[in-house]
Amino acid sequence: MSPSSLFKWRHFLPEIILLNLRWYCRYSLSLRNLEEMMAERGVKVDHSTINRWVLKYAPELDKRIRPHLKPTNDSWKVDETYIQIKGEWKYLYRAVDSQGNTLDFLLSASRDGKAAARFFRKVLKASHVSQPRVINVDKNAAYPVAIERLKSDQTLAAQTELRQVKYLNNLIEQDHRNIKRIVKPMLGFKSFNSARQTLRGIEAMNMIRKGQIQGVERSDVRSQVEFVSRIFGLVA
């Protein structure tokens with residue numbers, strides 16, 4: 001999709017739209033914070049408009065970074081955290097490797113063997129993910145059920161080791177904090193679909209921040225900004 005068609009009828013420059021998308025999905029900011037920050041720069045845009053931009057382009061950001069992700073290693077750390085949607089707690093399944101690189105994520109209404117299996121299948125389909133040698137999880141009884149199901153249909157190698165040792169998952173529990181920090185000013189999501197769309201942008205920006213993009217270093221913020229512009233076709 002060309003930049004002209006992707007941003008058609010938006011009435012704002014693509015650079016302004018992507019700026020708000022990046023800031024909202026990377027920093028601990030509310031939509032009204034961004035509205036005021038844009039006003040300081042002479043750009044009058046309503047917070048509801050910024051919200052529509054996020055819901056439209058956050059999934060697109062997630063999709064476009066995938067071919068550029070560096071390969072991860074074969075030691076997985078899997079856990080789930082809570083996300084509030086319409087006053088109810090839902091479950092965000094997340095996985096990182098032993099170096100803290102994000103493998104994938106899945107928002108789920110349930111926390112059971114079926115949801116865990118669905119998450120593992122999603123992770124295994126990711127092009128940057130290696131087949132796991134070992135999977136570290138907590139004591140959640142759903143994980144052994146899911147692993148056995150995947151091994152029985154040969155989705156997962158029979159020799160893959162499952163470790164249910166809580167302290168081995170300290171790395172991913174710390175990684176949850178960055179997501180929770182960004183979600184906190186949003187004061188809960190209004191719908192499951194809007195939560196899923198927004199979280200895709202937050203996780204994508206988190207992967208960029210971690211330095212998981214090929215040719216873009218973790219500490220090089222300018223290159224990260226240029227990368228986002230490039231994958232949206234705004235720079236050569």
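## A parallel pair in the sheet

Strand E1 and strand E4 (residues 134-137) run parallel to each other and are joined by 3 bridges. This is a predicted model, so please read what follows with that in mind. One residue to look at here is Ser75, which belongs to strand E1 and has Val134 of E4 as its bridge partner.

Is Ser75 buried or exposed? With a relative accessible area of 9%, Ser75 is buried. Setting aside residues up to four places away in sequence, Ser75 touches Val96, Asp97 and Ser98, together with Arg133, Val134 and Asn136.

## The whole sheet

Stepping back, the pair E1 and E4 belongs to an open sheet of 5 strands, ordered E3-E2-E1-E4-E5 and with mixed pairing. Which strands form the edges? They are E3 and strand E5 (161-164), each of which pairs on one side only. From one strand to the next, the twist averages 25 degrees.

## Two hairpins around E2

On the other side of E1 comes E2 in the strand order. E1 and E2 are antiparallel and share 10 bridges; within this pairing, Glu80 has Tyr93 of E2 as its bridge partner. The two strands make a hairpin with 2 residues between them, and Lys86 in the turn has a positive phi of about 50 degrees.

E2 also pairs with E3, again antiparallel, through 6 bridges. Tyr93 appears here too, with Leu106 of E3 as its bridge partner. This second hairpin has 4 residues between its strands, and Gly100 in the turn shows a positive phi of about 90 degrees. Why is strand E2 (residues 88-97) described as largely enclosed by the rest of the structure? The reason is that 8 of its 10 residues are buried.

## Two nonpolar cores

Now for the packing. The largest nonpolar core has 47 residues, and the members that touch the most others are Tyr57, Leu61, Ile65, Leu199, Ile202, Phe227 and Phe232. Among the elements giving two or more residues to this core are helix H2 (14-26), helix H3 (31-40), helix H4 (47-65), helix H7 (170-183), helix H8 (192-209) and helix H9 (221-231), along with strands E1 (75-85) and E3 (102-108). H2 supplies the largest share, 8 residues.

Tyr57 gives a good view of these contacts: not counting residues up to four places away in sequence, Tyr57 touches Leu6, Phe7, Arg10, Ile17, Leu21 and Phe232. There is also a second, separate core, made of 23 residues, with Val78, Tyr91, Ile147 and Leu150 included.

## Aromatic pairs and charges over rings

How many aromatic pairs does a search of the whole structure find? The search finds 9. One of them joins Tyr82 and Tyr91 in a tilted arrangement, 5.5 Å centre to centre and with 55 degrees between the planes. The partners sit in unlike surroundings: Tyr82 is partly exposed at a relative accessible area of 40%, whereas Tyr91 is buried at 18%. Phe119 and Phe120 make another pair, with ring centres 6.0 Å apart and planes at 40 degrees, so this pair is tilted as well. Phe119 is buried at 0% relative accessibility, and Phe120 is buried at 1%. Ring pairs also gather Trp76, Tyr93, Phe119, Phe120 and Tyr143 into a cluster.

Two rings have a charged side chain over the face. Arg64 lies over Phe232, at 5.1 Å from the ring centre. Lys122 takes a like place over Phe105, at 4.8 Å from the ring centre. Phe232 has already come up as one of the core residues touching the most other members, and as a contact of Tyr57.

## A look at Lys151

Our last stop is Lys151, in helix H6 (residues 142-152). Leaving aside neighbours within four places in sequence, Lys151 is in contact with Leu156, Ala157, Ala158 and Thr160. Where does Lys151 stand relative to Asn73? The two are 78 residues apart along the chain, and their C-alpha atoms are separated by 20 Å.

Note on methods: Residues are numbered from 1 along each chain as its sequence is written. This is a predicted model: local features need pLDDT of at least 70, side-chain atom pairs count only at pLDDT 80 or more; totals for chains, interfaces and linings use all residues. Side-chain values use heavy atoms; hydrogens and water are left out. A nonpolar core is a set of buried Ala, Val, Leu, Ile, Met, Phe, Trp, Tyr and Cys residues joined through side-chain atoms within 4.5 Å. Buried means under 20% relative accessible area, exposed over 50%, partly exposed in between (1.4 Å probe, protein chains only). Contact means heavy atoms within 4.5 Å. Two strands pair if DSSP finds at least two bridges between them. Rings of Phe, Tyr and Trp (its six-membered ring) pair if their centres lie within 6.5 Å; planes under 30 degrees apart count as stacked, over 60 as edge-to-face and the rest as tilted. A charge sits over a ring if NZ of Lys or CZ of Arg is within 6 Å of the ring centre and within 35 degrees of the ring normal. Axes are lines fitted to C-alpha atoms, for helices over the stretch in contact, and angles run from 0 to 180 degrees between N-to-C directions.
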